[in-house]
Amino acid sequence: MAADTLKATSETAPEARIPHGFQDADEVLPQYHIEAQTSLVERPLRSLKYGEAFAVLDSYGDIGVLPGPEGLYFQDTRYLSRMHVTIEDQRPLLLSSVMQDDNGALSVDMTTPDIRIDAHDETTIPRELIAIERTKFLFRGACYDRIGLRNYDSRHWHLKVAVTFDADFRDLFEVRGMDRPVRGKRSVQVASESEVQFRYVGLDEVVRTTSLHFGPKPKHIEPGRAEFVVSLPPGGRASLFLRVVFESHRAFTSAPAAERVGEDAAAGLSHAAGSTASARHPKGLAEGVIFARAYRDSRRDLRQLTAGITTIISSNDQFNEAACRATADLYMLASRTPEGIYPFAGIPWYSTVFGRDGIITAMMALWIDPNFGKGVLRYLASTQAKAVDPAADAQPGKVLHETRRGEMAMLGEVPFRHYYGTIDGTPLFVMLAWEYYSVTGDRDTIAAIWPALELALEWMNRYGDRDGDGFVEYARDTDKGLENQGWKDSHDSIFHADGNLAKGPIALCEVQGYVYAAKNGAAKLAALLGHDDLAHRLGQEARALRERFDEAFWCEEIGTYALALDGEKRQCAVRSSNAGHALFTGIALPERAARVAANLLSKDGFNGWGVRTIARGEARYNPMSYHNGSIWPHDNALIALGLARYDLKPEAARIFQGMFDTALYQDQKRLPELFCGFMRRHQRGPVSYPVACSPQAWAAAAPFAFLAACLGLEIDHDRNRVRFRNPILPSFLDGVSIFNLKLGTSRVDLRLQRYGEDVTVNVLRRTGDAQISLLK
């Protein structure tokens with residue numbers, strides 16, 4: 001994802017070829033490093049999300065049985081750090097654990113192990129006689145949990161069911177490994193015969209509470225444990241309900257935290273998205289009734305969110321499963337803000353707004369649901385920097401990198417409360433504006449955000465170009481900010497051929513492409529709105545940038561564009577996936593495209609699953625690193641779109657094939673944030689990265705970009721045309737049906753069928769006058 005250096009960085013592996021004596025920044029862990037004593041892939045984890053809340057659970061639906069990131073989180077704080085269900089003090093036997101197809105709830109099937117009820121008379125329950133079904137979901141300020149039991153024995157049993165629990169209120173950055181010498185005060189009390197409440201008064205003067213409500217009333221309740229005795233006659237059923245309500249408010253007030261902090265409300269995060277309003281119910285209402293109503297309302301809410309989207313069904317059932325999971329992940333990560341829906345970046349480390357991630361996710365999903373584009377544009381326009389603030393790496397016109405709402409961010413212990421340290425978010429914002437308009441024709445939204453677009457364009461020339469050479473560069477304003485501010489933002493991700501780290505200000509290859517595409521797109525939008533002089537100037541600037549880019553970044557020695565220019569304008573002559581973004585944006589000269597593609601898809605660049613971030617053989621290459629040899633689905637998707645732009649469709653299909661094969665080896669056929677770049681080996685799947693987020697928004701959107709690239713899909717609102725330019729389909733797809741593709745007021749269903757290397761297009765249904773064309 002568009003990471004921050006908050007993410008894990010690369011470690012030097014035995015394969016890495018690094019010359020003796022180069023600067024090694026690995027000797028000291030960089031700031032905001034994610035510690036990895038435990039791997040996120042060593043055991044299956046399940047994720048739930050609603051609004052600003054998310055839960056990371058083990059396969060049983062439990063939390064904290066083993067060390068790790070499991071927990072129930074709200075606004076970057078862990079509100080529940082342990083929840084463990086036992087039957088007669090033993091853990092049930094797991095039968096199955098699945099996320100529902102739309103990610104709306106976790107369903108777990110279990111049974112009892114062999115249980116000795118009474119040690120004196122040796123009474124035992126043989127295993128597999130009691131079925132246990134567990135359902136968990138998040139909705140509007142609460143986590144709902146139902147544990148259903150059914151007796152398949154001919155005898156009547158009385159079983160002790162216990163729930164142990166705890167709430168540590170640790171900031172997400174603490175969970176990730178940062179130490180805090182001083183914390184706030186935590187307390188716990190039994191609030192009633194069926195409720196336990198944890199309370200934490202933070203150093204930021206915010207009171208955070210976790211309330212656990214049980215139904216029916218437990219036989220015994222104490223801080224950290226509730227016990228029930230369940231009576232199960234032959235064939236009998238029983239249900240236990242647990243509702244975990246999480247809230248925050250200022251000390252000495254009752255106002256919700258998101259309502260009482262003016263600048264947080266201005267940041268556009270919707271309190272309604274994580275509201276506790278529906279988690280409060282009339283006293284005396286049975287927990288079973290509360291559960292049923294919340295479950296019903298959550299289903300309605302999800303159906304409303306996904307109503308009218310474009311859907312895909314192909315000839316390959318496994319691809320259909322992967323596409324279904326990708327769609328479900330996108331909408332699980334979507335959060336409602338006052339400006340529209342915004343895809344939060346990923347679980348567990350990045351379940352918040354990231355500018356770069358949101359923009360790229362929206363770009364790749366535009367043809368599936370342009371509402372992502374609209375929400376991202378409006379949100380980022382509303383949070384655009386208005387003043388110079390070195391602590392936040394902010395200047396007027398700059399687009400938000402990320403926002404955090406936990407205690408450490410509020411206190412300034414980490415700089416990410418409202419942080420702008422990204423070099424590419426601002427040109428990408430302008431790029432998205434043009435792409436959104438070209439698909440939707442939504443002039444009203446463009447007119448509404450036009451002042452923000454003008455500020456972004458001014459930022460590129462005034463603040464982005466630090467030395468006046470025509471390129472956009474970055475250098476952090478304080479030592480608390482991110483060292484590298486492109487999408488590869490690990491501390492060691494930008495380096496020279498000899499392995500030495502580049503010194504700034506640094507001009508990244510892909511960022512110049514984003515600026516080029518931004519100015520081209522903004523020129524068209526300016527003309528649309530009647531700003532002809534600006535349109536002309538932007539067009540001239542884009543053309544001049546393309547010429548300067550080729551002169552400064554093309555490196556004949558490596559046969560592709562350089563990774564970056566350092567502060568002395570020396571090339572970082574390193575083969576990287578960044579060059580593929582030059583194809584994506586169109587800044588690459590046509591005569592360079594084939595060589596860039598060959599470089600990306602060489603044995604050093606392409607490992608059989610995807611294109612590596614850094615090619616094998618480069619000084620800091622490490623297939624286990626975060627950005628120096630790993631493989632990212634979203635990066636590959638943008639490369640595929642770039643290959644398609646230059647009509648290199650077979651190369652795009654090769655990447656699509658590798659990524660589809662990768663998905664087949666993943667839990668739930670879900671593409672992860674990234675995976676290791678080891679060479680593909682016979683009868684072995686790709687190697688996982690230990691702390692990769694899953695789900696991740698731009699990884700979820702990637703399959704739709706791969707398909708659009710291979711089909712040459714172009715949606716042009718002003719021409720009222722859907723066009724397929726030289727489409728191909730990879731070998732695993734014989735045909736693809738697209739339903740409810742939108743163009744203005746038109747809706748079309750299409751069928752694309754492969755015959756050898758040829759692809760045909762048939763219109764199955766059409767309402768409106770949209771034109772469908774096939775260009776070969």
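A cavity is a set of grid points where a 1.4 Å probe fits but cannot get out, and its lining residues have an atom within 4 Å of a point. The exercises below concern a predicted model.

**Exercise 1. The largest cavity**

Task: State how many cavities of 30 Å³ or more there are, then describe the largest cavity by volume, lining and contributing elements.

Solution.
- Step 1. The count is eight cavities of 30 Å³ or more.
- Step 2. The largest cavity has a volume of about 280 Å³.
- Step 3. Its lining is made by 21 residues, and K49, Y50, D301, L302 and Y331 lie nearest the centre.
- Step 4. Two or more lining residues come from each of β1 (45-50), α4 (287-306), α5 (317-333) and β20 (334-337). With five residues, α4 gives the most to this lining.
- Step 5. Sorted by class, the lining of the largest cavity holds 11 nonpolar, five polar and five charged residues.

**Exercise 2. The second largest cavity**

Task: Which elements give two or more residues to the lining of the second largest cavity, and how is that lining divided by class?

Solution.
- Step 1. The volume of the second largest cavity is about 110 Å³.
- Step 2. Of the 16 residues that line the second largest cavity, A322, A663, K669, L671 and P703 lie nearest its centre.
- Step 3. The elements with two or more residues in this lining are α5, α16 (649-664) and α17 (697-711). The most is given by α5, with five residues.
- Step 4. The lining of the second largest cavity divides into 12 nonpolar, no polar and four charged residues.

**Exercise 3. The sheet that contains β1**

Task: Give the strand order of the open sheet of four strands and explain why one side of β1 and of β4 is left without a neighbour in the sheet.

Solution.
- Step 1. The order is β1-β2-β3-β4, and the pairing is antiparallel.
- Step 2. β1 and β4 (77-80) are at the edges and each has a single partner strand, so one side of each lacks a neighbour in the sheet.
- Step 3. From one strand to the next, the twist averages 25°.
- Step 4. The antiparallel strands β1 and β2 (residues 53-58) are joined by six bridges. In this pair, L48 stands opposite A55 in β2.

**Exercise 4. The β20 hairpin**

Task: How many residues lie in the hairpin connection between β20 and β21, and what is the bridge partner of S335 in β21?

Solution.
- Step 1. The hairpin joins β20 to β21 through two residues.
- Step 2. Four bridges link β20 to β21 (residues 340-343), and the two strands run antiparallel.
- Step 3. Within β21, Y342 is the bridge partner of S335.
- Step 4. β20 also appears among the elements that give two or more residues to the lining of the largest cavity.

**Exercise 5. Two helix pairs**

Task: Classify the packing of α9 with α10 and of α11 with α12, and give the handedness of each crossing.

Solution.
- Step 1. The axes of α9 (residues 425-440) and α10 (residues 443-464) come within 9 Å and cross at roughly 150°.
- Step 2. Angles over 145 degrees count as roughly antiparallel. Therefore α9 and α10 are roughly antiparallel to each other. Their crossing is left-handed.
- Step 3. For α11 and α12 (residues 532-553), the axes come within 8 Å and cross at roughly 160°.
- Step 4. By the cut-off used in step 2, α11 and α12 are therefore roughly antiparallel. The crossing of α11 and α12 is left-handed.

**Exercise 6. The largest pocket**

Task: Which elements supply at least two residues of the lining of the largest pocket?

Solution.
- Step 1. The largest pocket has a volume of about 1,200 Å³.
- Step 2. Its lining has 36 residues, with E435, S438, R645, L713 and E714 nearest the centre.
- Step 3. At least two lining residues are supplied by each of α6 (355-365), α9, α11 (509-528), α13 (578-585), α15 (633-645), α17, β29 (713-716) and β30 (721-725).
- Step 4. The division by class is 19 nonpolar, six polar and 11 charged residues.

**Exercise 7. Backbone details**

Task: Locate P348, P695 and E88, and describe the backbone at each place.

Solution.
- Step 1. P348 is in the loop between β21 and α6. The peptide bond from I347 to P348 is cis, with omega near 10°.
- Step 2. P695 is in the loop between α16 and α17. The bond from S694 to P695 is cis, with omega near 5°.
- Step 3. E88 is in the loop between β5 (82-87) and β6 (93-99). Although E88 is not a glycine, its phi is positive, at about 50°.

Key. Residues are numbered from 1 along each chain as its sequence is written. This is a predicted model: local features need pLDDT of at least 70, side-chain atom pairs count only at pLDDT 80 or more; totals for chains, interfaces and linings use all residues. Side-chain values use heavy atoms; hydrogens and water are left out. On a 1 Å grid over the protein atoms alone, a cavity is a set of points where a 1.4 Å probe fits but cannot get out, and a pocket is an open set with protein on both sides within 12 Å along at least five of seven lines; lining residues have an atom within 4 Å of a point. Grid points are joined across faces, edges and corners, and a volume is the space filled by probe spheres set on the points. Ala, Val, Leu, Ile, Met, Phe, Trp, Tyr, Cys and Pro count as nonpolar, Asp, Glu, Lys and Arg as charged, and the others, Gly among them, as polar. Two strands pair if DSSP finds at least two bridges between them. Axes are lines fitted to C-alpha atoms, for helices over the stretch in contact, and angles run from 0 to 180 degrees between N-to-C directions. Angles under 35 degrees count as roughly parallel, over 145 as roughly antiparallel, 65 to 115 as roughly perpendicular and the rest as oblique. A crossing is left-handed if the near helix is turned anticlockwise from the far one by less than a right angle, and right-handed if clockwise.
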